[in-house]
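Hello,

Here is the structure you asked to look through. Please open it alongside this note. My findings follow directly below.

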Amino acid sequence: MNRSFKSQSVRYLDCNAVEVKSKYGAEFRRFSVDRVKPGKFEEFYKLILHIHKIANAEVMIGYADVHGDLLPINNDDNFCKAVSSAHPLLRIFIQRQGTVSLSTWQKSRKRIREEVDYSNFGTNTLTRRKKAVVTLRNDVNRKRPQIRIGMPQDFRPVSSIIDVDILPESHRRVRLYRHGSDKPLGFYIRDGTSVRVTPHGLEKVPGIFISRMVPGGLAESTGLLAVNDEVLEVNGIEVSGKTLDQVTDMMIANSHNLIITVKPVNQRNNIVRSSRTSGSSGQSTDSSGSVGYLGVAAAAATAHSFIADELESDEDSDIVIESSIKRPSRRSNASSAHSRSHTVTPVPPSPPQRPSSTVSAASCHSQSGLNGTAHGSLSSRLQRDLCLPPHQGSSPAFRESNGSLHKILSAMRTDPRHSLALPQGGVEEDGTVITL
Amino acid sequence: MGFVVTVAGVSVRRPPAGAEKDCISVKQMTRRGRMKRFRRHGQESHRDKLKQELYQFNKTVEHGFPHQPSALGYSPSLQLLAIGTRSGAIKLYGAPGVEFMGLHEENAAVTRVFFLPNQVELVTLLDDNNLHMWTLQAHQGLSELLEIGRFTLTGPPGAPPSVTRITAVLAHSSGELLLLGTEGGHVFVVEVPGFRELEDKNISLEAVQTPEGRRNLESVEDLQENPLNPRQVLVGYGRGLMVLWDLDVNVPVLLLRQLESVWWMPDGEHILSSHSDGSYCRWMVNGEDTQNEPEKEVPYGNFPCKAITKIIQLPTTRGPPFLIFSGGMPRASYGDRHCISVISGKTHVALDFTSRIIDFFVIGEGERQKGNPSALVVLVEEELVVVDLQTEGWPIIQTPYLVPLHSSAITCSHHVSGIPLKLWERLQTAGKLQKTHYSSKPWPLIGGKNLSPDPPQRDLLLTGHEDGTVRFWDASGVCLYPMYKLSTASVFQTDADLNDNMNQGLEGEWPPFRKVGCFDPYSDDPRLGIQKIHLCKYSGYLAVAGTAGQILVLELNDESLEQSVEGTLVDLLQGQEGFRWKGHARLEEREESVNFPPGFQPFALIQCQPPAVVTALTLHSEWKLVAFGTSHGFGLFDYQQKNTVLVRCTLNPSDQLAMEGPLSRVKSIKKSLRQSFRRIRRSRVSMRKQHTNNAAKVEGAEALQEMELAPVQRKIEARSSDDSFTGLVRALYFADSFLSDSTHNTPSLWAGTNGGSIFAYTLRLPPTERRAEEPVTAHPAKEIQLMHRAPVVGLLILDGRGAPLPEPLEVAHDLARSPDMQGSHHLLVVSEEQFKVFTLPKVSSKMKLKLTAVEGSRVRRVSVAWFASSRTEEYGENGLVVLTNLGDLHVLSLPHIKMQVHYPCIRREDISGIASCVFTKHGQGFYLISPSEFERFSLSARWVVAPKCLVEAPHQASTSSGKHHKSRAQPDGVAVGRVMEHALLNDEREYFIGCLTQ
């Protein structure tokens, strides 16, 4: 108490210093950084390694923000943000990297909280809901293995509100990311009539409305769409004048990256204009009580860098499987994983410099050990390998292909027809290569 | 030429594909707008001008037989035939190539069509009781059918509508009067054109005096004019009274039977009346005899007969007259037949039609058609039959148009442009042998002049039918003329009786029936139905695939051949487990040898197992390979060595629906039955509730309302690989391209499925000299899974110049440039939702065009067409012609897949129309507007096949050789009247207008 008061006074005296409490395993370190000029993340990272005497290990750095949420520090921006928003002190949590599990991950802040609670982070004194957690903690430790949380770039956003700055306040543009998600999009649309203000007064016009949500579906879980919301646009194309079937086709055609502009039936939860001054720079506003929006704002913050990327290149990354003509035998035995080399390349996220659909062959000899892996673990191994840097989760292609790879894998198990011979040495492309 | 060069240059300078790429961005619109601003104006206008020279949309002509005809009219002076339909269309036909079409604004059935005698006007009566006047107006040397007036008969105020309900129309031979008999028994006289009611000339009920005093005469059934004395009109009333109406005198003739129709014989002295009891009477008109009731005759006597609805008798100079009447069959035994009886002396035939008779007329010899009857023209509901009355046995004359395309339901169609003369002639010869039972007389309707130029090339339209036939139509010009008919049924064992005893009546049968017409919609075995056709026009090889997984490869042979066809069974499942085919069984091939007449004769038969519908078919005549696909997989067959080269199962193991086969439909019937029973029970329960509880009633009503108001919902769900029928093969394509490396091109086979998968195989063909011995082999080369998983509907490889690869043998016949093998080839994949271009041999996406994501429409039909410029001979472009599920036509440029033009073409509700669409290689197309009619459309500004014809007024035609003065001097009623009218407006043009209005 005394100390905290003291630090408070220190802060008043010297406004530039921010007290930092850093935790690595069971160890704590305390130091301070400059609030105005916190410096680069790189330097901070080195500082952390130095202070905690961590050698030869990659770590992830997270901090607790004003709401008690664990947020990552992995670049200059969020480092800056962490330092500037520290109140009164910046609490840092360090975790050793390398045991990242691709858990079913939701970008919703609510979920993060939950996962944090169950993770090894959560066992520390992180949240203000500590008491509630304490009761849980024991069974948590008993019941389930500890889930580790990966870096934000490993995560995949599920939904977001976009273009808040250019849309009227009464409208909402929602982006649903289905990539790799096993959840169905899960909503229905119907015909209806809506009232428009025209130069001739109010006029009834036909419109498209959301008619039903599938429980547990993606649309429902985002909380951003509701029954009776009027659909105005689908991926930037107005739906007025289009039939229900046309709109259905448009939505399904865009389902891998669906952006729908709706006029919510409930206009009370609209984003307040004043909060958009910072655009999508990641400022999360607490003005609205809706958890969903908060989560989205946070998602927009962390996911911002690659959202732009995806907007530019929503290339449908088609899977191409090539087989060498020199191997005439297609009748390979399904039981022998060795004899059957399967090369699948999902297309990289297609930033301009990369080819958007790639074909590849076995360039990953280093991973040849995988060939011997038992069938049951293939898909999990594959998944893990798929999220290797540098592509990681930011690749829409990967997400897209993730599901279908599953399909291929499952099909392979049952169906030897899918096996194709491996092209020998025909590798020209770079990019992610998966060898089975 | 200079122009072309600049255009090409400009198109190169346009923004590259990437710059304009339709990224799905919410800011798309604004970005596009900006793009436009940056573009140079010159380029755009250049391209726009070029587009105008290349593309133009026209619906040009309707082929086939009009759907649901309801009225027939004939003009002996114009030699034109008019057919009105229940949808309000009116079609005029004369000599082959002379045809006109009009459509009433009202969607009402045409009940009567009348030409005004000796004029180019015709009058239609719709079932909403309106009269419409049409004329054939000459415009720039071509006639057009135009509506020029309409008229509604107005009765006295307060009169019931029946007073003015028109039941009979007589176009008076003067051409200036129209007599309208009504349901109320009145006859109104109207002056035409102009539709002026002449009230003082009306024949009202009050004026008709009968010996027994006034009584209800009922409606006017028929009106006939005395052929010799135009001042005399015979009015037949429904109650059986006939009144001969002269200018002032009326001579009533009493009858006591129900009257159906009256006919005034050409001699002017006799009248025939037909009656509802199947009898007819012959009346003398001269003198007092008219009062005596003549003897009635019942042609099919003794037992009660059905009504004779129309009767005519025509004299011949050489022998006995022709008595022709419809109906009159013995009610009990043959009451359901549609018959027209023709009696001439001892010859008596009851022509037995397969559908309801609408109307008939007889064409006479000579210029005025007053001579011997030469042909009987019968319009029945499904076809037009013309009987040659001058040739022994009264054979049928083959119609050059109005052919019943749907004599068996059309199941698919295939168009082949530019048929080589050799094949054309051989087909014609084979076709002629099939038409020996037709009359050799020329087509008797010869009105109008066909002014359209000779078709630039020979085109064939092939239609596959439900009964296993393939019909070959000459689709080069305006008339879709039947050339040849191929029947595949003889290859298989079916219950069908092969001996076509349609024309054989039993000896001594009474009435003496004779089956006429070819409309026969009953298929003996639906498995015979043709689903896919592929014809190689250079080699004369034809591949035909059907409903039960049968694929026949046929070759054109000028000699008849007796042989048995052995089938090759191809198991498409490839040992896939858990499969149970619940659909129909495979067709059994005939074991004994069958005699195949000259024409296409089968020499290879492939039977797919399971015998599912063949969904894709292609044939490569140069490599002698045929590829086929069903919902289970695809196969490749070498038809020279007659062995299977490749079989690939495309089934998804989790696809249960495809597993079970098409009979899962049965389940849904069961389900729907169960549901409907439940509904009945529920409604009964609710009814009981209604009795007991009033409140419950209200509730129930609310629930019902809610149920009715429950909106149509659509589920938004991304496609998954588990969706049904993902394995269905939609597209097959042979190409000689760079599949494995960029230096050696190899033959390849490409297959695309409903689930967005593409399979590519390299083919190894032995050298020509050892082609018959060494096996053809296929090796899997590539598999592409489209991420959007939409069905692949088209596959195409573009050569180094961006042009599609030519057809097999096309280069060998010097009809196409050999493809550019220097530059890199590209693969164009058309899915229902997107157009994607991939590089080859390394498959990577190069460009794409999204259709569904942007417009919400899906590709239904796609084809490559050559668009020639209408301005210069030298310039032309390849384009991709696309029909969407909304019925819109798009033309996309190749190889840059950019939208060029789009036109709405088919109503989006017309699913069968959209499904039936077939494109030609020159930017035209056909689609079914009814089961029996093809609409022909043209997207090209150069190639337009449309009727161009001229019909001259009869007087004009006869006086065209310098008799103008006479025709003017003649006191020709209408012409003078019109001339006077116009003369008031413009003195100088008096003569000219007078001429025109005749």
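Buried residues account for 51% of the 436 residues in chain A. Please keep in mind that this is a predicted model. For chain B, 56% of the 998 residues count as buried.

Surface next. Chain A has an accessible surface of about 20,700 Å². Carbon and sulfur atoms hold 53% of that area. Chain B exposes about 44,200 Å², and 51% of it comes from carbon and sulfur atoms.

Secondary structure can be listed quickly. Chain A has ten helices and 15 strands. Chain B has 15 helices and 63 strands.

I also looked at contacts between residues at least 6 apart in sequence. In chain A, 65% of these join residues at least 24 apart. In chain B, the share is 58%.

Now to one helix in chain A. How many of the ten residues of helix H7 are buried? Nine of them are, so H7, which covers residues 244–253 of chain A, is largely enclosed by the rest of the structure. The cut-off behind that is a relative accessible area under 20%. The buried residues of H7(A) begin with Leu244(A). Gln246(A), Val247(A), Thr248(A) and Asp249(A) are buried too. So are Met250(A), Met251(A), Ile252(A) and Ala253(A). Note that the buried set includes Asp249(A) and Gln246(A) as well as Val247(A) and Ile252(A).

Next, a single residue in chain B. Ala816(B) sits in a loop of chain B. Strand S52 (792–798) lies on one side of that loop in sequence, and strand S53 (826–831) on the other. Is Ala816(B) buried or partly exposed? Its relative accessible area is 23%, so Ala816(B) is partly exposed. Buried would need a value under 20%, and exposed one over 50%.

What does Ala816(B) touch, leaving aside neighbours within four places in sequence? Its contacts are Pro806(B), Glu810(B) and Val811(B). For a distance to check on screen, take Ala816(B) and Lys642(B). They are 174 residues apart along the chain, and their C-alpha atoms are separated by 30 Å.

Last, an annotation. An unreviewed UniProt entry places the feature "repeat: WD" at residues 456–474 of chain B. In the model, that span is 63% strand and 0% helix. The C-alpha atoms at its two ends lie 13 Å apart.

Best wishes

Terms used. Residues are numbered from 1 along each chain as its sequence is written. Chains are lettered from A and ligands numbered from 1 in the order in which they are written. This is a predicted model: local features need pLDDT of at least 70, side-chain atom pairs count only at pLDDT 80 or more; totals for chains, interfaces and linings use all residues. Side-chain values use heavy atoms; hydrogens and water are left out. Helices (H or I, at least four residues) and strands (E, at least two) are DSSP runs, numbered from the N terminus. Buried means under 20% relative accessible area, exposed over 50%, partly exposed in between (1.4 Å probe, protein chains only). Contact means heavy atoms within 4.5 Å. Accessible areas come from the Shrake-Rupley method with a 1.4 Å probe; for residues, only the protein chains shown count as cover. UniProt positions are given in the numbering used here, feature names are shortened, and annotations may be inferred rather than shown by experiment.
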